[in-house]
Structure formats: C-alpha cells, structure tokens
Amino acid sequence: MNLDLICTLVLLRVSNLSSYRRCIWVNGPVIVGAGPSGLAVGAGLKEQGVPFIILERANCIASLWQKRTYDRLKLHLPKQFCQLPNFPFPEDFPEYPTKNQFINYLESYAQHFDISPQFNETVQSAKYDETFGLWRVKTIVSTSNSNPAAAEVEYICRWLVVATGENAEKVVPEFEGLEEFGGNVMHACDYKSGVAYRGKQVLVVGCGNSGMEVSLDLCNHNASPSMVVRSSVHVLPREICGKSTFGLAVLLMKWLPLWLADKILLILAWLIFGNLEKYGLRRPSLGPLELKNISGKTPVLDIGALQKIRSGEIKVVPGIKRFSHGRVELVDGQNLETDSVILATGYRSNVPSWLKENEFFSREGIPKNSFPNGWKGKGGLYAVGFTRRGLSGASLDAMGVSQDIAKCWKEETKQKRKSVAARHRRCISHF
C-alpha cells in the first residue's frame, strides 16, 4: 500500500469527520473479537512481530465463557483437542477442564503473549474501500462521557480478521402464546445453576449438549425437567472403554472412509446405550460424522443425562404447539403444567449485522467455503472460528491467518522502507 495514498485517505477522512471524533490508522490487522479465536490470531501475529489491535464489545476476554455459560460446564472434549497454538494446558488440569479452568487458561494465554484487547468497543460497521484498498471499521466505545461523539471511532486498516465466531448471538424462537405464559423464560446463556429451580417443573427447549446438560443439572438440584426433542439427534458416550469418543472418531477418520467410521461409532453407541427410540430419542438417517460435516450439527456427548432419561427423571416430550398461562400444549396433544422455560435453542453468528460484504460470508454469517478453505476472503478479509469444528478448527485457521498476514505485512513493510526517504511524511494517529 502506497504511503502517500494512505496519508491522503486519512487526511480526507479526518477533514470530513462530522460525527467521528477519532480516525485511526492501524499498521496491521484489526481483529474483531477477543474470544479464543481472536486471541489465537493475536498470538500468532505477536510471534511474527506484526502489530494489531483486537476490538471486543464486552469488558473481558472470552465473554461467552465468562458471562453466558452455566456453572457446571466443562469442556466436552479432552484438553489436548482444545488448546490454542503454542500454549498447552497445565499438566495438573484434568482431562476435561472446568469452565473456570478454561477461563484461567485463556487469561494466561493472553498474558503470556502480551495481548491487550480494547474492551467495551462494539463494531458498528466494517466496509472495504475499493478505491484505496483499505478497510474502514466504525466502532462505538462504551464510556461514561456525556458527549456521544467522543465515544465513536473509525479505524482504517489493510487487513480485517473476523473472529466473532458462530455463537455471537443467542437464538430465541417465537412461540404462540408465550406472552401469556406468565412464568420465568430465559435462554440457556443466562442459566447458571438449578438451585433456584428446586421443586419446580421446568421445560427445557432443545436437546443438544446444552439442553441435555441443563436438564441434568436441574435433576441434580431436585427440579423436574421436561426436555423438548423436536427432531432426531445423535447421542454418543463421551468415552468408550475409558477413551475419548472424539479421539476415537479422529483416529477412525484418519484410516477409514467416513461412512465406515460412522458405522463403527453407531454400533459402539448401540452396545453401550441400546435402542434409544423407546425413550423418545430418534437417530438421524445420516451418521454423526457425516451430519456434522454437512450441517455442522454436533452429536450429543452424554455425561449422565441419558441415565436420568431412562429413569424418568428427565421427561422427553415432542415439539411445542402453543403456550398458555402456566401451561404448554405439545404437538401430540399433551398439556404440561410448567413453572419455567429454559431455551437451549442455540446461537448464531452476528457478522451480517455489521460486515458490509456479501461474497465471502453467507446470509447466516458463515464463510461460504467449507473447512479447510473458509479462512481467507478477498481484499485482506479473514475469518477464524467458523469451522464448526470447535477450538481445534479455530486454532488451525488462526495459524493460517496469522502466517498469511505476516507474510503480506513483511513484504509491504520492506517496500515502504525502501522508498520512505523520498516521501513527505505527515503525522497521523495510528497503532
């Protein structure tokens, strides 16, 4: 990028500012999101000596883990599949670290690589300026300052890394009559513990890993959960013969075709669980690995909920028809008295709400190209954390992104240094 061109652009932008108090040139990428994906990219850039900034709307790193998860949460996969690049988990951590242990790991990661995100800064829009080949990222900073103009910033950068992930916003479906229900209704992201539900009838909407685990937690606190299962679902044991089912799946996929790996997993699950249809859990026609590849739908790794379903402590019910005061009518005609509703209905990307781009990302905010080719777009646009392959997929993408940006940054830096003596330097605000 021509330095005179950059200076001209910045000066033009500054001269036309009406609402934006600051216009900042970033000598490197802007990373949006300070979760595991954003931190991993930052760490890779640090090791390459590339400057960057990370913008985070919350007041902490990994806000999904710190603010929107229940107390009993643990990693569903063994720690070796969840560690970020170049920084293993402490040896004394258990195989499945707790929520707090994982948060401590991420904080240690940020400290180790000297990563300091800019917190309380929400990206409002990001648009590529084709004339100058630069990204313009507009943000609002949460501040106590009474002057709103002082809280608005525009960043200008050569590269933009989208690291907000697949789970940035909660999904809240609409249900007929829910406004008449009268009881407590919350999304699973706001659920912390079953302590407050002791002795209550609770409807859990959703049968993924969150729905299963919330139902289990409610049982352990002497509540009576009913779990809505609208469609088919794969339930696998978290471990088989003391070994991680996920690790076994990785090994099988390395040596066998996908259909055969699926067949082996389903046979093992049947030997351990038996026929689950009599409990209201119908398996999909596609195997768990094939379904994950096609739709991104993750199989449930059971940690005890299935035993509660067998014993009747967790009641499996079909889809919801409508709500009324203190009750819910199901599609099969059943009517259940219910005190509270917990929506374990998942999350979605928020990228379409702020990224002004329609080639790389789909309408759902997921890269159109599937793994492992979904991390690089045009014009210096990158994505990390959208692989539908958890932390291991995000780590692989983060390494690719940081290496690619570092290569471009070093090449452009060399070109600028060769011609800097012949250029007229002007002072601009920058990182």
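This is a short walk through one helix and one sheet of a predicted model.

**First stop: helix α8**

Select residues 258–273, which form helix α8. At 1.5 Å a residue, these 16 residues should span 22 Å, and the end C-alpha atoms are indeed 22 Å apart, so the two agree.

Now show side chains. Which residues of α8 are buried? They are A261, D262, L265, A269 and F273. These buried residues cover an arc of only 100 degrees around the axis, which means that they lie on the same side of α8. Swing the view round to the face turned away from that side, and you will find W259, W270 and L271 exposed.

To see what covers the buried residues, bring up the surrounding elements, which include β12 (235–237), α7 (245–255), α9 (288–295), β15 (300–302) and α10 (305–311). Before leaving, step along to G274, which follows α8 and has a positive phi, near 80 degrees.

**Second stop: the open sheet**

Next, colour the 5 strands of an open sheet in their order, β9-β20-β10-β11-β16; the pairing is parallel. The edges are β9 (184–187) and β16 (315–317), each paired on one side only. On average, neighbouring strands here are turned by 20 degrees against each other, direction ignored.

Zoom in on β9 and β20 (residues 340–343): the two run parallel and are joined by 4 bridges. Pick V185 and you can look across to its bridge partner in β20, V341.

**Last stop: the helix on the sheet**

Finally, add helix α6 (residues 209–220), which packs on the sheet and touches β10 (201–205), β11 (224–228) and β20. Compare directions: that of α6 makes about 165 degrees with that of β11.

Definitions and conventions. Residues are numbered from 1 along each chain as its sequence is written. This is a predicted model: local features need pLDDT of at least 70, side-chain atom pairs count only at pLDDT 80 or more; totals for chains, interfaces and linings use all residues. Side-chain values use heavy atoms; hydrogens and water are left out. The expected span of a helix is 1.5 Å times one less than its number of residues. Buried means under 20% relative accessible area, exposed over 50%, partly exposed in between (1.4 Å probe, protein chains only). The arc is that of the directions from the helix axis to the C-beta atoms. Contact means heavy atoms within 4.5 Å. Two strands pair if DSSP finds at least two bridges between them. Axes are lines fitted to C-alpha atoms, for helices over the stretch in contact, and angles run from 0 to 180 degrees between N-to-C directions.
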